[in-house]
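I am opening these notes to keep track of what I looked up, entry by entry, for someone who has not met this structure before.

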Amino acid sequence: MEIRCSSTTAQDWTGEALVVGLFSDGASQASQDLLNARFGAALNQELERRRFKAKAGESVSFSLLGPQPGAVVLVGLGEPAAFGSEQLRQATANGIKAAAATGAGSLGIAMPLEGFAPAAAASAMAEATRLIQFSDQRFKSESEPKSTPSSVELLGLPAAALNEASAAISSTAAICSGVELARELVAAPPNVLTPTALAETAAGLARDFGLELKVLERSDCEALGMGSYLAVAQGSDLPPKFIHLTYRPAGTAERRLVLVGKGLTFDSGGYNLKTAGSQIEMMKYDMGGSAAVLGAMRAIAELKPAGVEVHMIVAACENMISGGAIHPGAIVKASNGKTIEINNTDAEGRLTLADALVYACKLEPDAVVDLATLTGACVIALGEEIAGLWSPNDGLADALRNAAEQGGENLWRMPLRASYRAGLKSGLADMKNTGPRPGGSITAALFLQDFVNGEIPWAHLDIAGTVWSDKGRGLDPAGATGFGVRTLVNWVRAGGPT
Ligand code: BES
Ligand code: MN
Ligand code: ZN
């Protein structure tokens, strides 16, 4: 599907299906005039008959049985005062979905773009167009018939801004490829998407985009003293893979950034086995953090931002049960020398991240950001639309929130309440891996903080609620969302501010 932009208006555009956004109040007079002029009064009468009020989320399709355009989709935009980039994205997604359902091959979409920067508008529309149409047919024996338009034209951009808008559309395509990769990785079942498969995905990116790849095997990790990560991996028949992928810019790098992703390709809970109602069958998505960082690396490798060196680290493994699995109550030692009493084997993500964060900090970066489907407590706190953000560094927290907002993803800053660390006290070891249930996502973040060099700006994103959407929402069809890619790429492209 080709997405391009033009200064052609809805009035003049020719193609198979035209999508037009309409405001719900008097401001839509101009659009009504347009519809009148192009399609005659009958269309406006029909809209009235169908009681189309142009409220946000409303849309109506007409088949005109004529050649050019053969279909019109009207999308309600609600009040103009509330119409921002999020509404533009959503309205575009609604319109494109309805227009694609008509079976049209060429779509034109006209939205009121006054007040938007042309490049930002084009990229929001291109992103919505691409992401809403994603469909994953890999595991069907026969793919379901689905109509994808071959071209989509974003109409009504100022002629003087077309070059800039086209460039924004190209960048958006790279970001969407990253989001789609993340969605595919998260959706892939645990018998297919193993730690080795994650490492192979990284190898594919290294090969296709000229990135540097290092994969540490179990013995390499042993040599580095990664007893925390390896304790999680030891119950599985599959070998762990510690994946380190690097993007180096042409010229000098002023900033070195590290993206760390939790990579549990399945989390059974271990001997603290997940019970009925804990969604054990969904725990394939416990590698959502690694999917986000791999997706971000794919986009970064294609966009080639100058001046930033970006490292991606994933300590991939499965959390399983077997005679060799770690015991609840075991004491292990992480690669920074700290000892951990594993009072709950289901708090495994933080054990893998501990060694990944120690490794990340040894690279002496300017910032480290980790993403993890870390706690059910975060899902309870923030639900499925908002990820939790923890950071001792205000600059980094703000920069990530800006990057998220720009990408249409939602982060909420949560407290790194130091006094709660007492919940992780162990009588025998330096710490336990699990605190009390109240504030469980906060103690998880505090646990991670113990493995970060305090001089290095660090942020932790708990994406447990946002990686998956049963019903679909916003630009996400039902299933894996690819959450985190857009935030990370926007932050990196801004130079990784802290
Ligand atoms: N992968 C889970 C967290 C999770 C839960 C992600 C639900 C998505 C949806 C994590 O490894 C886990 O099991 N966390 C435990 C921690 C507890 C034992 C302290 C949890 O949240 O219950
Ligand atoms: Mn777990
Ligand atoms: Zn987990």
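Before turning to the ligand, I note that a residue is counted as near a molecule if one of its heavy atoms lies within 4 Å of it. I also keep in mind throughout that this is a predicted model.

**Entry 1, the ligand.** I looked up what lies around ligand 1 and found 16 residues surrounding it, the closest being Lys-274, Asp-286, Asp-346, Glu-348 and Gly-376. I then went through the polar contacts, beginning with Asp-346, where an N or O atom of the side chain is 2.8 Å from an oxygen atom of ligand 1. Gly-376 uses its backbone instead, with an N or O atom placed 2.7 Å from an oxygen atom of the ligand, and a backbone N or O atom of Leu-374 lies 3.5 Å from a nitrogen atom of ligand 1. I also checked how much of the ligand is covered: taken alone it exposes 520 Å², and the protein buries 79% of that.

**Entry 2, the domains.** I read the division of the protein chain as domain 1, covering 2–133, and domain 2, covering 174–493. Their C-alpha centres are 39 Å apart, and I found nine residues of domain 1 in contact with 12 residues of domain 2.

**Entry 3, the sheet of eight strands.** I followed the strand order of this open sheet, which is 7-8-10-9-13-17-14-15, and noted that the pairing is mixed. Strand 7 (212–216) and strand 15 (411–413) are at the edges, and because each has a single partner strand, one side of each is left without a neighbour in the sheet. From one strand to the next the twist averages 20 degrees. Looking further into the sheet, I saw that strand 13 (residues 367–372) and strand 17 (residues 458–462) run parallel and are joined by five bridges, with Val-369 opposite Ala-459 of strand 17. I then looked for what lies across these strands and found helix 9 (residues 288–303), which crosses strand 8 (241–247), strand 9 (255–267), strand 10 (308–319) and strand 13, and runs at about 140 degrees to strand 9.

**Entry 4, the sheet of three strands.** Here I read the order 11-12-16 in an open sheet, again with mixed pairing. Strand 11 (331–333) and strand 16 (431–432) are the edge strands, each with a single partner strand, so one side of each has no neighbour in the sheet. Strand 12 (residues 339–341) pairs with strand 16 in the parallel sense over two bridges, and Ile-340 stands opposite Met-431 of strand 16.

**Entry 5, one residue of strand 11.** I ended on Lys-333, which has its place in strand 11, and asked which residues Lys-333 touches, not counting those up to four places away in sequence. I found Gly-225, Met-226, Gly-227, Ser-228, Lys-338 and Thr-339. I noted as well that Lys-333 and Tyr-229, although 104 residues apart in sequence, are 9.4 Å apart in space, taken from C-alpha to C-alpha.

Note on methods
Residues are numbered from 1 along each chain as its sequence is written. Chains are lettered from A and ligands numbered from 1 in the order in which they are written. This is a predicted model: local features need pLDDT of at least 70, side-chain atom pairs count only at pLDDT 80 or more; totals for chains, interfaces and linings use all residues. Side-chain values use heavy atoms; hydrogens and water are left out. Two strands pair if DSSP finds at least two bridges between them. Axes are lines fitted to C-alpha atoms, for helices over the stretch in contact, and angles run from 0 to 180 degrees between N-to-C directions. Contact means heavy atoms within 4.5 Å. A polar contact is a pair of N or O atoms within 3.5 Å; within protein, one must be able to donate a hydrogen and the other to accept it, and residues adjacent in sequence count only if both atoms are side-chain atoms. Accessible areas come from the Shrake-Rupley method with a 1.4 Å probe; for residues, only the protein chains shown count as cover. Domain bounds come from an automatic or database domain assignment.
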